[in-house]
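Let's take a walk through a protein fold together, one piece at a time. Have the structure open beside you so that you can follow along.

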Amino acid sequence: MAVIGATGAASAETDMPFALDWKFEGPAAPYFLAIDSGLFADADLSVEISEGKGSLDAIPKVATGAYPVGFADINSLMRFIDQNPGAPVTAVMMIYDKPPFAVVGRKSLGVEAPKDLEGKVLGAPPPDGAWAQFPIFAAENDLDMDAITVEPVGFPTREPMLAQGEVAAVTGFSFSSTLNLKRLGVAEDDLSVILMADNGVELYGNAVIVNTDFAAENPEAVTAFLGAIAGGWKAAIEDPEAAIAALIERNPAADAELETERLQMAIDDNVLTDYVAENGIGGVDADRMAAAIEQTKSVYEFTSEPDASLYFDDSYLPAADARMLK
């Protein structure tokens with residue numbers, strides 16, 4: 001497991017290891033830029049960033065207290081809390097205001113629209129956040145699931161199998177699968193990127209999550225951490241090259257040009273939405289959250305009545321003016 005640390009005057013600092021959802025790729029660059037520009041150190045925080053193995057990966061890490069903070073899919077968090085009542089974990093800062101959940105197919109294999117998945121083989125990693133939301137996407141687009149052959153695949157083999165034509169489409173994050181396929185030599189005009197958010201799915205995406213026991217004991221540290229996260233995204237938007245340089249320092253094998261494109265996709269499609277431009281990064285709209293819960297209820301049977309306050313707590317967010325990205 002890759003771990004990247006920021007160190008400083010240890011005596012005064014609060015240790016806040018941060019568990020990512022995925023590898024050190026473009027969308028993780030703002031967090032490394034926050035380290036390198038001293039945003040965490042200025043807030044008296046010592047932050048280590050660890051890569052993850054999927055959108056669900058950080059939830060148990062934070063719930064068990066192994067990490068005080070992490071980055072995970074809020075929809076999967078809802079289900080985790082429902083299945084583990086009282087688990088000390090909640091989301092405190094929305095990052096992907098528009099989720100990157102997508103079905104990525106190849107036009108040459110007959111996939112351009114949701115209905116095209118019927119009669120095809122769909123590659124889906126079981127721990128994938130996009131796959132977790134696929135039942136909602138299927139319901140909203142009236143897909144016959146019996147007509148879709150779902151092939152469980154590993155993350156390392158997902159895009160190669162699509163590149164080789166072994167599956168006709170895959171579930172994944174738009175910026176991950178699309179650029180991985182381009183790197184594998186699949187022509188961009190052969191790719192169909194079907195964003196679930198553009199096809200009936202009203203959900204939010206990934207958020208910063210926190211261990212609630214830790215947060216209750218260290219509220220100022222959590223707010224300072226979220227302020228540094230906002231600062232990292234603001235700095236990355238202003239200077240993507242600096243953000244990618246911070247990333248490449250931790251992942252020298254990465255392709256700087258590709259990761260710059262990946263970061264920009266995340267900024268344009270998922271982070272800097274109209275809502276965020278107006279209200280700042282991090283918050284959620286109560287009506288939209290209620291709609292997301294109702295949509296989840298349509299495909300998932302909660303064991304107890306869902307409660308938005310269990311899944312998102314905005315009380316640790318810095319003031320809105322400190323979260324403006326432009």
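Which strands does H7 lie across? Turn the model until you find this helix: H7 lies across E8, E10 and E11, and it runs at about 140° to E11. Keep in mind that you're looking at a predicted model. We'll come back to H7 in a moment, but let's step back and take in the whole chain.

The chain holds 15 helices and 13 strands. Along its principal axes, the C-alpha atoms fill a box of roughly 60 × 45 × 35 Å. How does the radius of gyration fit with a compact globule? For 326 residues, such a globule would have a value near 20 Å, and the chain has 19 Å, so the two agree.

Now for the sheet under H7. Five strands make up an open sheet in the order E10-E9-E11-E8-E12, and the pairing is mixed. Notice that the order across the sheet is given as E10, E9, E11, E8, E12, so don't expect to read it off by simply counting along the chain. Which strands stand at the edges? They are E10 (149-152) and E12 (191-195); each has a single partner strand, so one side of each is left without a neighbour in the sheet. On average, neighbouring strands here are turned by 30° against each other, if you ignore direction.

What does "mixed" look like up close? A bit of background helps: strands of a sheet pair through backbone hydrogen bonds, either parallel or antiparallel. Start at the E10 edge. E9 (residues 121-124) pairs with E10 in the parallel sense over four bridges, and Val-121 stands opposite Thr-149 in E10. On its other side, E9 pairs with E11, again in the parallel sense, over two bridges. There, Leu-122 stands opposite Ala-169 in E11. At the E12 edge you'll find the antiparallel sense: E8 (residues 101-106) and E12 pair that way over five bridges. One pair to look for is Arg-106 with its bridge partner Leu-191 in E12.

Back to H7, which also has a helix for company. Two packed helices are described by the angle between their axes and the distance between the axes. For H7 (residues 155-163) and H8 (residues 174-183), the axes come within 10 Å and cross at roughly 55°. The two helices are therefore oblique to each other, and their crossing is right-handed. Where they touch, Arg-158, Glu-159, Leu-162 and Ala-163 in H7 meet Ser-176, Ser-177, Asn-180 and Leu-181 in H8. By class, that contact has three nonpolar, three polar and two charged residues.

Next, look at H1 (residues 29-36) and H11 (residues 240-250). Their axes come within 8 Å and cross at roughly 90°, and they are therefore roughly perpendicular to each other. Residues of H1 such as Phe-32 and Leu-33 take part in this contact, and the H11 side includes Ile-244 and Leu-247. What classes of residue make up the contact of H1 with H11? It has nine nonpolar, no polar and three charged residues.

Our last stop is H4 (residues 74-83) with H14 (residues 286-297), which pack at an angle of about 65° with their axes 11 Å apart. The crossing of H4 and H14 is right-handed. Here Ile-74, Met-78 and Arg-79 in H4 meet Met-289, Ile-293 and Thr-296 in H14. Sorted by class, this contact has four nonpolar, one polar and one charged residues.

Notes. Residues are numbered from 1 along each chain as its sequence is written. This is a predicted model: local features need pLDDT of at least 70, side-chain atom pairs count only at pLDDT 80 or more; totals for chains, interfaces and linings use all residues. Side-chain values use heavy atoms; hydrogens and water are left out. Axes are lines fitted to C-alpha atoms, for helices over the stretch in contact, and angles run from 0 to 180 degrees between N-to-C directions. Angles under 35 degrees count as roughly parallel, over 145 as roughly antiparallel, 65 to 115 as roughly perpendicular and the rest as oblique. A crossing is left-handed if the near helix is turned anticlockwise from the far one by less than a right angle, and right-handed if clockwise. Contact means heavy atoms within 4.5 Å. Ala, Val, Leu, Ile, Met, Phe, Trp, Tyr, Cys and Pro count as nonpolar, Asp, Glu, Lys and Arg as charged, and the others, Gly among them, as polar. Two strands pair if DSSP finds at least two bridges between them. The radius of gyration is taken over C-alpha atoms; the globule rule is 2.2 Å times the number of residues to the power 0.38.
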